[in-house]
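Subject: Structure for you to look over

Dear colleague,

I am passing on the structure we talked about, with the sequence alongside. Please open it first, and then read my notes below with it in view.

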Amino acid sequence: MPLGALAAAFALAFAAVLAGPLVLPRAALLAQDARPLTLARAIELATTAGPAAQAAAGRRASIVGRARTDAQWANPTVEIRRENEGAPIPYDDFVTVTLPVDLTGRRFALRSALGAARERGAADSVAVLRGAQFATAHAWWEAWVAGELQAFAAAQAARFADLARYDSLRAAEGEASGAAALRTRLEAERARYAAAQAAGTAARAQAALAALIGKAEPGALALDTAGAGARDALPRMEAVVARALADRPDVRAARAGAREAERRRAAERRGTMPDVGLSGGYKGTGGYATGQFGIVLTPPLLNLNGGNRERTDGEWMIAEADLRATELRAAHDARAALAAVEALDAGTAALDAAFAARADTVASAAESAYREGAATLTELLEAQRARAEARAAGVRAVADRALARLDLKRALGAPPLEK
């Protein structure tokens with residue numbers, strides 16, 4: 001076989017390898033058959049099919065259940081007793097009921113703490129659900145970015161594979177140097193590797209999203225971005241801070257926790273007074289039916305409830321400190337989130353569809369010029385890299401603006417889809 005024909009055959013075989021599949025056929029088939037997943041649908045699934053709803057309900061039940069246990073009224077005691085059984089004297093029968101009476105008001109304080117615990121449990125449950133919603137929204141946007149970059153990397157690898165085939169054929173025909181063909185092949189391999197990396201990143205991002213929304217098959221997710229990147233009007237800084245302090249569920253939970261701790265502290269301080277119980281019942285003795293009554297006292301002589309008072313004092317101090325820290329964090333989070341949205345809006349104003357289109361135009365023109373011999377390989381490669389960077393910047397800018405707005409809504413205590 002002539003050397004030129006052998007070189008051409010080698011070039012065609014090498015180009016066929018370069019043009020091989022970039023994704024797994026099964027994953028591609030699943031992606032084609034999947035129903036598009038909108039951001040709203042993903043958030044809905046996170047709070048229904050995902051584990052977050054059960055976790056939120058469980059946390060609320062745990063908080064309220066503990067508080068209910070402490071606030072329960074004490075049960076009465078019933079005593080049935082016989083004395084002198086088997087003795088030569090008549091036996092005595094007793095039926096005595098003892099009812100604890102909360103004269104100290106300790107139970108009323110604990111009942112008040114129960115009300116605060118219910119508020120804390122509800123706010124904590126909302127915080128868990130909101131956390132899952134925002135985590136899902138972040139994962140959805142990251143999966144979208146990864147999918148867009150994967151698609152572009154695959155297209156870029158296909159372009160370089162075609163260019164490598166073209167240069168290999170030119171080198172085989174003696175119209176281009178072997179060094180240029182080798183350089184193009186190296187760039188094609190690099191682009192192929194970048195496409196494989198992008199596919200792996202997209203698979204991991206889809207798996208993370210699938211775990212949050214309760215999907216068993218992450219490869220079956222196809223994202224629908226229609227209307228997902230809209231820019232909402234921004235509120236003023238004073239309104240942002242005020243709403244964050246009023247609406248954030250973690251702030252509401254911390255305030256309810258502080259009230260609960262204060263009421264528990266008051267209850268244990270009342271534990272220094274004696275517990276009182278009323279006792280009454282029936283007594284049968286010597287053939288006579290009689291009644292009995294009494295008062296049961298538990299004087300705090302050996303146990304002054306000092307340990308519980310010290311414990312609840314500490315819990316109250318911790319709750320107050322946590323409330324202050326939560327309010328400070330909420331205010332600063334809101335300020336920082338609004339500043340981030342404003343900065344990203346200003347910094348990404350030029351990164352729109354027209355920006356990416358201009359990069360495509362430059363790269364296409366450079367490729368056409370290279371094929372016609374009017375541009376060097378270095379100029380072509382620089383144009384292709386500029387196109388890749390512009391595409392990545394445009395995709396990332398869309399997602400970063402959306403994620404910044406999501407962070408602002410979370411800082412305000414608003415749901416992720418609020419307009």
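How much surface does the protein expose, and what share of it do carbon and sulfur atoms supply? The exposed surface comes to about 22,600 Å², and carbon and sulfur atoms supply 60% of that area. Please keep in mind throughout that this is a predicted model, so that every value below is computed from predicted coordinates.

As for the overall build, the protein has eleven helices and six strands, and buried residues make up 35% of its 419 residues. If one takes the contacts between residues at least 6 apart in sequence, 80% of them join residues that are at least 24 apart.

Two patches on the surface deserve a look. One is nonpolar, covers about 470 Å² and is made by Val78, Ile80, Val95, Val97 and Tyr282; the elements that give two or more residues to this patch are strand E2 (77-83) and strand E3 (92-101). Valine 78, which is found in strand E2, counts as exposed because its relative accessible area is 60%, where the cut-off for exposed is over 50%.

The other patch carries positive charge, and it is where Arg60, Arg68, Arg111 and Arg118 gather on the surface. Helix H4 (52-71) and helix H5 (106-172) each supply at least two residues of this positive patch. Arginine 60 lies in helix H4 and, at 38% relative accessibility, counts as partly exposed.

Turning to the salt bridges, the structure holds 34 of them, and three seem useful to describe one by one.

In one of these, the side chains of arginine 81 and glutamate 79 meet with N and O 2.6 Å apart. Both partners are partly exposed, arginine 81 with a relative accessible area of 29% and glutamate 79 with 36%.

Another salt bridge pairs arginine 405 with aspartate 345, and here the closest N and O atoms are 2.9 Å apart. This pair links distant parts of the chain, since arginine 405 sits in helix H11 (residues 377-412) and aspartate 345 in helix H9 (residues 306-347), with their positions 60 residues apart in the numbering. Are these two side chains' residues, arginine 405 and aspartate 345, buried or exposed? Arginine 405 counts as buried because its relative accessibility is 8%, and aspartate 345, with a relative accessible area of 16%, is buried as well, the cut-off for buried being under 20%.

The remaining one of the three joins glutamate 382 and arginine 385, whose side chains meet at 3.8 Å, N to O. Glutamate 382 and arginine 385 both lie in helix H11, three residues apart, which is about one turn of the helix. Glutamate 382 is partly exposed, with a relative accessible area of 47%, and arginine 385, at 27% relative accessibility, likewise counts as partly exposed. This pair also belongs to a wider set, for Arg183, Glu187, Arg190, Glu382 and Arg385 are linked in a network of salt bridges.

With best wishes

Notes: Residues numbered from 1 in each chain as written. Predicted model: local features only at pLDDT ≥ 70, side-chain atom pairs only at ≥ 80, totals over all residues. Heavy atoms only, no water. Patch = residues over 30% accessible without salt bridge, like charges linked within 9 Å, V, L, I, M, F, W, Y side chains within 5 Å. Areas by Shrake-Rupley, 256 points an atom, 1.4 Å probe, with all protein chains shown as cover. Salt bridge = Lys/Arg side-chain N within 4 Å of Asp/Glu carboxyl O. Lys, Arg positive; Asp, Glu negative; His and termini not counted. Charge placed at Lys NZ, Arg CZ, Asp CG, Glu CD. Helix = DSSP H or I, 4+ residues; strand = E, 2+ residues; numbered from the N terminus. Buried < 20%, exposed > 50% of the residue type's maximum accessible area, 1.4 Å probe, protein only. Contact = heavy atoms within 4.5 Å.
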